[in-house]
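I opened the notebook to record what I looked up in this structure, one topic at a time. The entries follow the order in which I went through it.

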Amino acid sequence: AGEDFSEGFYFHQLNPDCGQWTLLVTPGTSGVSFTASMVEDSPFGIVGYTTKANYAPSSQAVLRVDMTGDLTGVTVLAAAAKVYDPATGEEIATGTLFDDGGHHDGAAGDGSYGNTYTVPASPAAYPLAFGVAGTYEGGGGCGFKRIAFGAVNVVATGQYFTGVFDDAPATFGESLYDGLLF
């Protein structure tokens with residue numbers, strides 16, 4: 001049921017039926033202007049990420065998706081990550097993520113999915129899309145999809161410290177480092 005607000009109304013449906021829903025707007029004689037938004041307050045979701053902030057060109061990155069929230073009744077059928085070209089937006093790689101304990105994903109069956117990916121050779125921030133699909137018994141056995149976004153940052157190797165190094169202590173009492181010792 002809706003409640004009247006100053007510029008419209010809202011509709012709230014607790015535990016909606018599976019399937020496609022249709023919004024039907026019937027204009028009056030002078031037409032109609034409307035905005036529609038849908039928000040799902042799900043008991044579970046996903047978080048997608050890389051395990052490091054930056055990667056050297058052509059190095060191995062670990063891509064991860066962790067399920068969050070109440071996973072009772074959730075069956076994951078597929079988990080994947082897609083990498084996009086930052087200049088064109090075109091998909092340049094896709095890979096399956098696993099929850100088997102053998103792909104940098106933690107323990108088997110723990111709701112964390114992972115796999116390695118060889119990052120591109122050109123420095124840039126490459127957009128990532130993480131996706132998980134499956135069924136949810138709490139929603140009547142309906143299928144679900146969850147999507148999360150991130151980026152894999154590839155930086156030129158000249159921007160990395162390599163070898164053994166340590167920071168030098170501050171000598172002037174201002175809490176600023178005086179240098180790095182290699």
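Entry one, a polar contact. I began with the side chains of Arg-64 and Asp-66, which are joined by a polar contact of 3.2 Å. The model is a predicted one, and I read this distance, like every other below, as a value computed from it.

I then placed Arg-64 and found it in strand β4. Is Arg-64 buried or exposed? With a relative accessible area of 14%, Arg-64 falls under the 20% cut-off and therefore counts as buried. Setting aside its neighbours within four places in sequence, I listed what Arg-64 is in contact with, and the list includes Val-47, Gly-48, Tyr-49 and Thr-51, as well as His-104, Asp-105 and Gly-106. Ser-112, Tyr-113, Gly-114 and Phe-130 are also among the contacts of Arg-64.

Entry two, the sheet around β4. Asp-66, the polar partner of Arg-64, turned up again as the bridge partner of Val-47 in β4. I checked the two strands as a whole: β3, residues 44-50, and β4, residues 60-69, pair in the antiparallel sense over 7 bridges. They belong to an open sheet of 3 strands with the order β3-β4-β7, paired antiparallel. Because β3 and β7 stand at the edges and have a single partner strand each, one side of each is left without a neighbour in the sheet. Ignoring direction, I noted that neighbouring strands here are turned by 20° against each other on average. How many residues of β3 are buried? The count is 5 of its 7 residues, so I recorded the strand as mostly covered, on the under-20% criterion for buried.

Entry three, Thr-50. Staying in strand β3, I looked up Thr-50, which is buried with a relative accessible area of 16%. Its side chain reaches the backbone oxygen of Lys-52 at 2.9 Å. Not counting residues up to four places away in sequence, Thr-50 touches Tyr-55, Val-62, Leu-63, Leu-128, Ala-151 and Val-152.

Entry four, the second sheet. I next traced an open sheet of 4 strands, whose order is β6-β5-β8-β9 and whose pairing is antiparallel. The edge strands are β6, residues 91-96, and β9, each of which pairs on one side only. From one strand to the next, the twist averages 20°. Within this sheet I looked at β5 and β8, which run antiparallel and are joined by 9 bridges, and I noted Val-132 in β8 as the bridge partner of Ala-79.

I also visited the loop between β5 and β6, where Gly-89 is found. Gly-89 is partly exposed, with a relative accessible area of 47%. From C-alpha to C-alpha, Gly-89 and Pro-127 are 8.3 Å apart in space, although 38 residues separate them in sequence.

Entry five, the aromatic rings. I found 2 aromatic pairs in the structure. In one of them, the rings of Phe-44 and Phe-144 have their centres 5.0 Å apart and their planes at 80°, so I recorded the pair as edge-to-face. Since Phe-44 lies in strand β3 and Phe-144 in strand β9, the pair ties together parts that are 100 residues apart in sequence. Both Phe-44 and Phe-144 are buried. Following the ring pairs, I saw that they link Phe-44, Tyr-136 and Phe-144 into a cluster.

Entry six, the nonpolar core. I closed with the largest nonpolar core, which has 25 residues. Which of these residues touch the most other members? They are Leu-97 and Phe-130, and I noted that Phe-130 had already appeared among the contacts of Arg-64. At least two residues of this core come from each of β3, β4, β5 (74-84), β7 (112-118), β8 (124-136) and β9 (142-154), and β8 gives the most, with 5 residues. As background I added that, in soluble globular proteins, nonpolar side chains tend to be buried together.

Conventions
Residues are numbered from 1 along each chain as its sequence is written. This is a predicted model: local features need pLDDT of at least 70, side-chain atom pairs count only at pLDDT 80 or more; totals for chains, interfaces and linings use all residues. Side-chain values use heavy atoms; hydrogens and water are left out. Buried means under 20% relative accessible area, exposed over 50%, partly exposed in between (1.4 Å probe, protein chains only). Two strands pair if DSSP finds at least two bridges between them. A nonpolar core is a set of buried Ala, Val, Leu, Ile, Met, Phe, Trp, Tyr and Cys residues joined through side-chain atoms within 4.5 Å. Axes are lines fitted to C-alpha atoms, for helices over the stretch in contact, and angles run from 0 to 180 degrees between N-to-C directions. A polar contact is a pair of N or O atoms within 3.5 Å; within protein, one must be able to donate a hydrogen and the other to accept it, and residues adjacent in sequence count only if both atoms are side-chain atoms. Contact means heavy atoms within 4.5 Å. Rings of Phe, Tyr and Trp (its six-membered ring) pair if their centres lie within 6.5 Å; planes under 30 degrees apart count as stacked, over 60 as edge-to-face and the rest as tilted.
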